[in-house]
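Good morning, everyone, and thank you for making the time. I would like to walk you through one structure, going from the chain as a whole down to a single residue, so please have the picture in front of you.

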Amino acid sequence: MAMTTNGLSSKLIRNIIRRVNTPTPSPTTTLTTPRFRSAQRTTINTTSTTILQPPPPVEPVVDLGMWVMRSRVMHVGLLREIVLGVIKHTSYEHFVAGADLEETGRTVQKLWESGLRGMLDYGLEHAVDNQSCDSNALQFVKTVESTQSLPPSSVSFVVVKITAICPISLLKRVSDLLRWEYKNPTSTNLPWKLKTLPIFSESSPFYHTLQKPSPLTPEEEHDLELAHQRLVNICNKSIECNVPVVIDAEDTSIQPGIDYFTYSASVMYNKGQKPLIFGTIQAYLKDAGERLFETKKAADKMGLPVGFKLVRGAYMWSESKLADSLGVESPIHNSIGDTHNCYNKCAEFVLDEVSNGPGGLILATHNLESAKLAAQKARDLGIGKDSEKLEFASLYGMSEAMTFGLRNAGFGVSKYLPFGPVDQIMPYLLRRAEENKGLLSSSNLDRQLMMKELKRRMKAYVGQGLEETENQFKSQAGSVVKLN
């Protein structure tokens, strides 16, 4: 009897897991989104597998997620499987486009049918050696190639992380040397340095490099060359597939190295009116506006179309903690209002620049006021969807009312589409959400819609699963009684 009971318990647990991992049909929900200004209201039908409702309050969700991922639960095979199964059919399906390129392609197709485009973002962690860098670079190339099987123009950008194709330790070394060169140009020689655009301004933080760093060793120079070649391979494939690349930003300790890769590739590949390579400017940094101006001015002198993705930023806590530990001023703006003001002014500057000249701008925001200001500015300048100079972007599963409002107003709008296996992508997303949770706030309407959707999903997957389990228990228990 003991063996039968143990076997029955295992079956009950497996049934719960099976229930969590088996999708159930969900009712179609109707989202009515306001169009900007005097445009008519539009009704959009979506299901849980297409474009989802906006998110709940970010802070408690992120805190709970981080606690679970760091707890001992994730080291117990069976419990880990249960947790990942629940995550996959709740938060994962809301914020992640798919487990692989095939699933992500279906998401892109559905976005395209709704008048939106996708920015493909393969969820990769920082690389530590050349082997992992080679593997990651291959994944980026495959991601670019995958766009050829999708509707033309349905993918607006492929997202590349330099931290995934260059060892993080090398990026820190390169960043230190670039900082030292900027402050000591006559006494610093960097033989490996390629032609690039301005990386610093006078107001940039330099406290990461307090003493002269040693030159790169021959081995480090070789590794740097390998990293450059990986980026070249990705860029060559993007030219072949006619899809531009946007390079993500990181914290200020390694951002100079990332900008070096970005701008040296921009010098190599950006031609004509439309840039192939887009860099990222983080508006929560005090030097953002000055660096943006210096980079654009230098690009104009070189006759280069330059592309920028404008974000607010995602490393507030770690940046402030480091600056405080060193007794120096934080590189982050003193208030959220200052960050908003910087973001809006940077957006206005670039829109003015590209309205009558080369270049492009991605406005990545979940802030409705910033979106409205930029939309009005673009309309005043005659920048519309057909110009291909402006793309609004937001995270998949967030700010849907704003997303469709911008789409209905006639602008190009993309959703940032992280994708990858659940056990790989969730730690990646949660670590970034933990840094960014102070800025990832949504409207009350967004929160109410998402909470309703999450409750529905939990009820569907857990409630129905328990009912099936109870019925199975009764059936098997009856069989056991008969046998005895």
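Before anything else we need one term: when I say that two residues are in contact, I mean that heavy atoms of theirs lie within 4.5 Å. With that in hand, and keeping in mind that what you see is a predicted model, consider the contacts in the chain between residues at least 6 apart in sequence, among which 80% join residues at least 24 apart. The secondary structure of this chain comes to 16 helices and 10 strands, and of its 484 residues, 54% count as buried.

Let me turn to the strands. Eight of them form a closed barrel with parallel pairing, and its order runs β3-β4-β5-β6-β7-β8-β9-β10. If you look from one strand of this sheet to its neighbour, the two are turned against each other by 30° on average, with direction ignored. On the outline of the barrel you can also find helix α4, residues 101-113, which lies across β3, β4 and β10 and runs at about 165° to β10.

I would now like to stay for a while with strand β7, which covers residues 307-311. How many of the residues of β7 are buried? Five of its five are, and they are divided between two covered faces, with G307, K309 and V311 on one side and F308 and L310 on the other. On the side of β6, residues 277-282, the pairing with β7 is parallel and extends over five bridges, one of the partnerships being that of T280 with K309 in β7. Between these two strands the chain passes through helix α10, residues 288-302, and β6, α10 and β7 together make a right-handed β-α-β unit.

On the side of β8, residues 360-364, four bridges join that strand to β7, and the two again run parallel. Here G307 stands opposite G360, and I would like to look at G360 more carefully. Why does G360 count as buried? Its relative accessibility is 1%, and buried means under 20%, so G360 falls within that class. Leaving aside residues up to four places away in sequence, G360 touches P275, F278, V306, G307, F308, V350, V354 and K389. The C-alpha atoms of G360 and L390 are separated by 6.0 Å, although these residues are 30 residues apart along the chain.

Further along the barrel, strand β9, residues 390-395, runs parallel to β10, residues 413-419, and four bridges join them; among the paired residues, L395 has Y416 in β10 as its bridge partner. Helix α14, residues 400-408, is mostly covered, with nine of its nine residues buried, including E400 and R407. After α14 comes G410, whose phi is positive, near 95°.

Finally, let us look at a pair of helices. The axes of α7, residues 168-183, and α9, residues 255-269, come within 7 Å and cross at roughly 90°, and these helices are therefore roughly perpendicular to each other. Helix α7 brings L171, V174, S175, L178 and R179 to this contact, while α9 brings Q255, P256, G257, I258, Y260 and F261. Sorted by character, the residues of the contact divide into seven nonpolar, three polar and one charged.

Technical notes:
Residues are numbered from 1 along each chain as its sequence is written. This is a predicted model: local features need pLDDT of at least 70, side-chain atom pairs count only at pLDDT 80 or more; totals for chains, interfaces and linings use all residues. Side-chain values use heavy atoms; hydrogens and water are left out. Axes are lines fitted to C-alpha atoms, for helices over the stretch in contact, and angles run from 0 to 180 degrees between N-to-C directions. Angles under 35 degrees count as roughly parallel, over 145 as roughly antiparallel, 65 to 115 as roughly perpendicular and the rest as oblique. Ala, Val, Leu, Ile, Met, Phe, Trp, Tyr, Cys and Pro count as nonpolar, Asp, Glu, Lys and Arg as charged, and the others, Gly among them, as polar. Two strands pair if DSSP finds at least two bridges between them. Buried means under 20% relative accessible area, exposed over 50%, partly exposed in between (1.4 Å probe, protein chains only). A crossover is right-handed if, with the strands pointing away from the viewer, the path from the first strand over the helix to the second runs clockwise.
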